[in-house]
Amino acid sequence: MSSLSENLSTLKGQIEDGLKNLQSSKELYDFKNLFIEGKKSKISELMSGMKSLAPEERAGFGKSVNELKVWAQEQFTNMEAEMKKRELMARYEREKIDLTIPAAPQPIGNLHPDTLVKNQLIDIFAGMGFEIYEGAEIENDYYNFTALNTPKDHPARDMQDTFYLSPEFLLRTQTSAGQIHVMESQKPPIKILSPGKVFRSDDDATHSPMFSQMEGLVVDENITLSDLKGMLDMFVQKIFGKETKTRLRPSYFPFTEPSVEVDVSCFECGGKGCSLCKHTGWIEILGAGVVNKKVLENCGIDSEKYSGFAFGMGVERIAMLKYGINNIKALFGSDMRVLKQINEK
Ligand code: DAH
């Protein structure tokens with residue numbers, strides 16, 4: 001009996017000291033299995049030792065072991081709460097966030113100069129009441145040429161080197177094709193702007209096989225070349241600055257009669273002459289004219305009652321002029337060093 005009682009008080013001491021020295025929940029639960037609750041725990045072992053006692057001693061000893069177990073469980077529960085608290089504090093410490101540290105700068109992207117200019121042009125024309133019409137990039141010969149008064153064998157076809165997909169279908173060479181679609185499906189008054197990609201077999205510093213154009217078309221009663229001139233004056237002042245003037249030069253396009261080439265006074269030197277305007281004071285920006293009567297008639301519009309003007313411009317050309325880019329490839333090359341420099345809203 002006396003040795004078992006000794007064991008009991010030794011075990012109590014071991015549990016008391018042991019619990020104090022534990023460092024983690026894992027150690028705590030291992031300790032519990034080893035000493036308090038597991039089938040092979042020290043307390044269970046002590047309990048089995050009871051068999052060796054005289055029957056009259058067993059009840060008293062059993063009670064003592066049970067008391068030890070209740071006490072040990074209580075110690076364990078207290079320690080468990082304490083351990084959770086400690087571990088939570090340690091986690092708080094580990095995951096502490098310093099809210100005063102400045103955030104790492106996030107690089108902000110910017111619009112491609114082509115998109116920038118396209119958006120500006122659309123904004124300006126939408127502000128003047130133009131509706132947007134986006135045609136298809138694959139056209140047939142009729143819409144791209146014939147209906148625009150450029151039948152087969154017409155010398156003006158040589159002005160545009162065309163990518164043919166078949167004898168009938170082609171990649172549109174000009175957004176002018178959209179004029180025909182619009183006039184076939186709408187009756188005057190018509191006021192549309194048609195932006196889109198066009199394709200030509202052409203490749204040098206100022207030409208790319210794929211580029212973007214904007215086409216404008218206005219058809220109503222009594223539309224004349226002076227309406228075109230008035231609209232262009234407003235347009236160029238918005239895009240190139242208030243001082244900018246326009247000049248019309250005679251030209252030729254099959255779908256307009258008369259046809260003009262439109263120049264703006266050089267916005268770089270104000271007209272005095274510089275490298276941008278090649279010392280002429282003027283820069284060509286677009287082609288335009290009064291819609292050829294034949295084109296109106298091809299679309300079933302009465303050319304005695306209605307007249308119109310049309311214009312077409314290259315978006316990359318405007319972007320290059322505006323941002324001083326001298327090779328169109330810089331716009332298609334995706335070189336961030338170039339594209340990042342052009343960063344206006
Ligand atoms: N389509 C012509 C081109 O690609 C540009 C053009 C000139 C469009 C005169 C027009 C216009 O609408 O009237 O070169």
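**Exercise 1. Determine which phenylalanines form one aromatic cluster.**

Solution. The model is predicted: local features need pLDDT of at least 70, side-chain atom pairs count only at pLDDT 80 or more, and totals for chains, interfaces and linings use all residues. Numbering starts from 1 along each chain as its sequence is written, and side-chain values use heavy atoms, with hydrogens and water left out.

Step 1. Rings of Phe, Tyr and Trp (its six-membered ring) pair if their centres lie within 6.5 Å. The structure holds 9 aromatic pairs.

Step 2. One aromatic cluster is formed by F125, F130, F235 and F311.

**Exercise 2. Locate K12 relative to the ring of W71.**

Solution. A charge sits over a ring if NZ of Lys or CZ of Arg is within 6 Å of the ring centre and within 35 degrees of the ring normal. K12 lies over the face of W71, and the distance from the ring centre is 4.9 Å.

**Exercise 3. Describe the surroundings of the ligand.**

Solution. Step 1. There are 16 residues around the ligand (a heavy atom within 4 Å), of which Q174, S176, R200, Q213 and E215 come nearest.

Step 2. Consider polar contacts, that is, pairs of N or O atoms within 3.5 Å. A polar side-chain atom of R200 lies 2.6 Å from a ligand oxygen atom. Backbone N or O atoms also approach a ligand oxygen atom: that of A310 at 3.2 Å, and that of F311, a member of the aromatic cluster, at 3.4 Å.

Step 3. By the Shrake-Rupley method with a 1.4 Å probe, the ligand taken alone exposes 350 Å², and the protein buries 91% of that.

Methods. Rings of Phe, Tyr and Trp (its six-membered ring) pair if their centres lie within 6.5 Å; planes under 30 degrees apart count as stacked, over 60 as edge-to-face and the rest as tilted. A polar contact is a pair of N or O atoms within 3.5 Å; within protein, one must be able to donate a hydrogen and the other to accept it, and residues adjacent in sequence count only if both atoms are side-chain atoms.
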